[in-house]
Amino acid sequence: MTDPAADTPLQQLVFKVHSRCDLACDHCYVYEHADRSWKTRPVVIQKETVTQTAHRLAEYAGAVGLNSVSVILHGGEPLLAGPARLREICAELTTALSDVTTLDLRIHTNGIQLSRRHLDVFAEFGVRVSLSLDGDKLANDRHRLDRRGRSSYDRVLRAVDLLQTPPYRHLFGGLLCTVDVRNDPVAVHDALTALDPPRIDYLLPHSTWDNPPPHGDSGSQTPYADWLLTIFDRWTEQGRKVPVRTFDSVLSTLRGGPSLTEAMGLAPSDLAVVETDGTFEQADSLKTAYDGAPATGYDVFRNDFAELARHPGVRARQTGLAGVSETCRRCPVVESCGGGLYAHRYSSESGFDNPSVFCADLRALVDGIADRITERALFPGVHDPDELSFALLKRDRERLAAANERLAGRPDWDETWHALLRLDADDEGAAHLNRLLAHPYVRSSLRRSGQSGTTTTARIASVAVAAAVHAQAPLRLSWEQPSRELHLPSLGTMTLPAPGRVEATVTGRKVSVRLADGSAPATDTGPGPRWRPLTTLEMSDGTGTPPLLIDDADPWRAVYAAEVSAPLAPDALAAFRDRLRTALSSGPRPPLLLAVVTPLVAGTGVRGDEHGLGALGVAVDAEPAVLARELPRHLRRARLAALREAAHLHVPGSRAGELFAEASDGLGDAEHAGPSSAAAVSALAHTERALTRLDGLPSRELTETGAALLEELRAEWQRLV
């Protein structure tokens with residue numbers, strides 16, 4: 001069995017630097033819930049505890065090979081430690097970790113004590129500040145009063161104002177709001193967004209089956225979902241300008257992406273807690289379950305983070321679907337809600353082997369968001385390939401526009417953007433630019449998030465140059481090239497003398513590139529060792545199909561569940577091309593669905609790309625018969641992926657997605673096997689089961705486009721039986 005600790009290293013540390021608070025919030029899980037361990041802890045963390053914790057964390061990060069660690073200064077109220085002590089803590093952590101890994105320092109605070117002295121310390125060490133605020137004054141003062149019963153609202157707003165001043169704005173991490181369904185959700189959200197935070201996080205109040213959450217007086221069975229969905233509608237109406245972590249997480253998981261919060265989703269926990277006395281604890285939200293629930297029996301003086309990672313309580317939050325209750329495993333929205341926060345599953349009768357006490361609310365929230373984002377009208381591209389191509393291109397251009405919004409103002413990007421605009425203003429240039437944007441690996445690079453500005457600019461600059469070559473449009477463009485290998489999509493790869501700033505000139509069908517510092521002669525696309533053109537495969541099938549590109553060099557080609565081959569030697573490339581020609585000669589190749597084939601390492605078979613949009617990976621040793629057998633299935637998968645990219649076939653999170661894939665695969669297998677063969681009979685039976693299950697889904701789960709696709713698949717099945 002795989003060790004969960006090895007699979008999911010601890011990468012976040014909640015570091016309790018002060019164990020008391022200057023507020024008396026009646027919903028606080030530290031002081032007002034079941035666990036009373038705070039009473040025995042030092043008020044302020046001691047220097048030797050900080051030093052030992054920093055040493056243990058650095059030792060662990062180095063041993064595990066962590067690229068980054070996040071340390072969240074916490075309490076109690078961490079600002080009560082004072083600016084001088086906080087500076088010592090930040091300096092100790094930075095000194096211990098800076099040579100080992102990237103340190104991400106944060107602090108969660110009520111903000112009452114926040115001063116410029118604090119913020120000067122945080123600016124020195126890059127500490128991002130998240131503030132607790134429950135909405136407008138009425139909402140905030142339901143719970144967040146000080147020990148004299150006075151409002152904290154105006155003092156928190158002063159902290160926000162201070163964080164919004166130019167020297168400190170970059171430190172503002174966001175607002176944390178605990179939900180109370182008695183508060184007006186729109187008033188709460190509008191009050192928070194009016195403060196222009198970089199992010200809002202709505203938190204369900206810590207509760208268990210023994211101490212369930214208050215349900216307000218609405219009479220609803222799902223008051224928390226109703227409250228949050230009202231805010232979701234308001235957030236959407238406002239253009240979703242402020243990220244909201246709960247909503248962003250649900251949207252991500254509904255579309256097959258990762259969870260963005262420990263409170264929802266099946267992502268394994270990577271969290272550790274160190275208290276002011278140096279004791280290791282599990283997630284401190286467990287304090288709401290029972291007295292001693294987060295305890296591990298470990299501390300930083302006798303134990304290390306590797307031992308904590310192997311603790312049964314830590315492992316219990318790292319097992320994904322296997323770690324939730326049987327009820328949750330059967331639930332269709334479990335990928336999004338993840339069974340809810342671990343602490344919220346507790347009951348004294350059955351421990352944590354329960355759904356969340358917010359189960360009904362989480363189901364209603366996920367279903368409600370899925371319904372709201374589903375486009376139900378019929379998409380004409382389900383019947384018309386040209387409409388489908390146009391819709392996909394529209395998405396590509398939207399992603400390009402989003403890159404421009406992010407990078408506008410950077411000189412290299414602006415120069416590249418203006419080159420694209422000039423190409424787009426000409427009919428010939430626009431046609432070739434569209435062709436390049438639809439290239440599967442350009443599409444893939446546009447989809448990837450988190451790229452640096454330099455990487456994105458270099459990639460799009462190479463697209464502009466390639467489009468200009470195809471259009472024979474004069475172009476001169478300069479940018480910072482991060483590697484020696486300059487790949488021009490659909491054309492080939494140029495090997496430069498060195499990475500660095502380059503200037504490219506397009507004249508007719510020729511590209512000349514020189515280093516901007518003049519340190520080496522220009523490199524061009526003419527014959528020679530520094531230019532390697534891509535190979536194409538012409539198909540004489542009478543359909544006017546454009547040549548198939550064999551791309552073994554694009555730096556963005558690694559989009560398969562298998563390792564891509566290194567660029568092939570001429571003899572190996574010729575042999576690969578011959579095998580492709582033999583396999584593809586058995587039938588026509590639809591132009592939309594297959595534009596690029598990339599060699600994979602030997603023994604990996606045939607693979608579709610991760611988005612299924614026009615590329616195929618084929619092992620260098622794949623036999624033509626294997627490719628011919630697999631091709632119908634992959635072409636169908638490509639079309640299905642294209643439809644999913646362009647339109648909604650079903651409500652996100654529905655099982656319809658995998659059933660469509662099963663039906664489509666079955667038809668592809670039956671097509672290749674031939675009529676009446678045993679393999680075809682088996683494949684058609686598999687298809688029929690998938691179609692029957694699709695027919696049996698609730699009507700709300702399929703859109704008009706999905707219903708049209710189901711009708712088409714059913715007709716194909718009837719034709720083949």
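# Notebook: loops, cores and a cavity

I began with S490, which is found in the loop between strand 11 (485-488) and strand 12 (492-495); helices and strands here are DSSP runs, H or I of at least four residues for a helix and E of at least two for a strand, numbered from the N terminus. I note that the model is predicted, that local features need pLDDT of at least 70 and side-chain atom pairs count only at pLDDT 80 or more, whereas totals for chains, interfaces and linings use all residues. Residues are numbered from 1 along each chain as its sequence is written, and side-chain values use heavy atoms, with hydrogens and water left out.

**Backbone entries**

Although S490 is not a glycine, I found a positive phi of about 75 degrees for it. Is S490 buried or exposed? S490 counts as buried because its relative accessibility is 14%, where buried means under 20% relative accessible area, exposed means over 50%, and partly exposed lies in between (1.4 Å probe, protein chains only).

I then turned to D196, which also is not a glycine and has a positive phi of about 55 degrees. D196 lies in the loop between helix 7 (185-193) and strand 6 (200-203), and with a relative accessible area of 45% it is partly exposed.

Which residues does a cis peptide bond join? I found this bond between G75 and G76, with omega about 20 degrees, and G76 lies in the loop between strand 2 (68-74) and helix 3 (83-97).

**Buried residues and their contacts**

I looked up L13 in strand 1 (residues 12-16), and its relative accessible area of 1% is why it is called buried. Setting aside neighbours within four places in sequence, L13 is in contact (heavy atoms within 4.5 Å) with residues that include T53, L57, V71, I72, V273 and F305. I also checked L13 against L667: 654 residues separate them in sequence, and their C-alpha atoms are 51 Å apart in space.

L286 is placed in the loop between strand 8 (279-281) and strand 9 (295-299), and it counts as buried because its relative accessibility is 2%. Its contacts, apart from neighbours within four places in sequence, are A293, P294, Y342, A343 and F352. From L286 to C90, 196 residues away along the chain, I read a C-alpha separation of 27 Å.

S664 has its place in helix 22 (residues 656-673) and counts as buried at 5% relative accessibility. Beyond its neighbours within four places in sequence, S664 is in contact with R636, R637 and L640.

**Nonpolar cores**

Next I looked up the nonpolar cores, each a set of buried Ala, Val, Leu, Ile, Met, Phe, Trp, Tyr and Cys residues joined through side-chain atoms within 4.5 Å. Which residues touch the most other members of the largest core? Of its 87 residues, these are F15, L73, F122, Y202 and I369, while the largest share of the core, 8 residues, comes from helix 8. Not counting neighbours within four places in sequence, L73 is in contact with residues among them F15, V17, L86, I89 and L93. A second, separate core holds 42 residues, including L437, L477, L515 and W531.

**Helix 14 and the largest cavity**

Helix 14 (residues 359-373) has 15 residues, and because each residue adds 1.5 Å, its expected span is 21 Å, which agrees with the 22 Å between its end C-alpha atoms; the expected span is 1.5 Å times one less than the number of residues. I listed its buried residues as D361, L362, L365, V366, G368, I369, A370 and I373, and what covers them includes helix 8 (223-237), helix 9 (245-254) and helix 13 (334-337).

How many cavities of 30 Å³ or more does the structure hold? I noted 5, a cavity being a set of points on a 1 Å grid over the protein atoms alone where a 1.4 Å probe fits but cannot get out, with lining residues having an atom within 4 Å of a point. The largest cavity has a volume of about 80 Å³, a volume being the space filled by probe spheres set on the points, which are joined across faces, edges and corners. Its lining includes C328, C331, V334, C337, P355, C359, L362 and R363, and the elements that give two or more residues to this lining are helix 13 and helix 14. Helix 14 gives the most, with 3 residues.

By kind, I found the lining to be 8 nonpolar, 3 polar and 1 charged, where Ala, Val, Leu, Ile, Met, Phe, Trp, Tyr, Cys and Pro count as nonpolar, Asp, Glu, Lys and Arg as charged, and the others, Gly among them, as polar.

Notes
1 Å grid on protein atoms, 1.4 Å probe; cavity = no way out; pocket = protein on both sides within 12 Å on 5 of 7 lines; lining within 4 Å.
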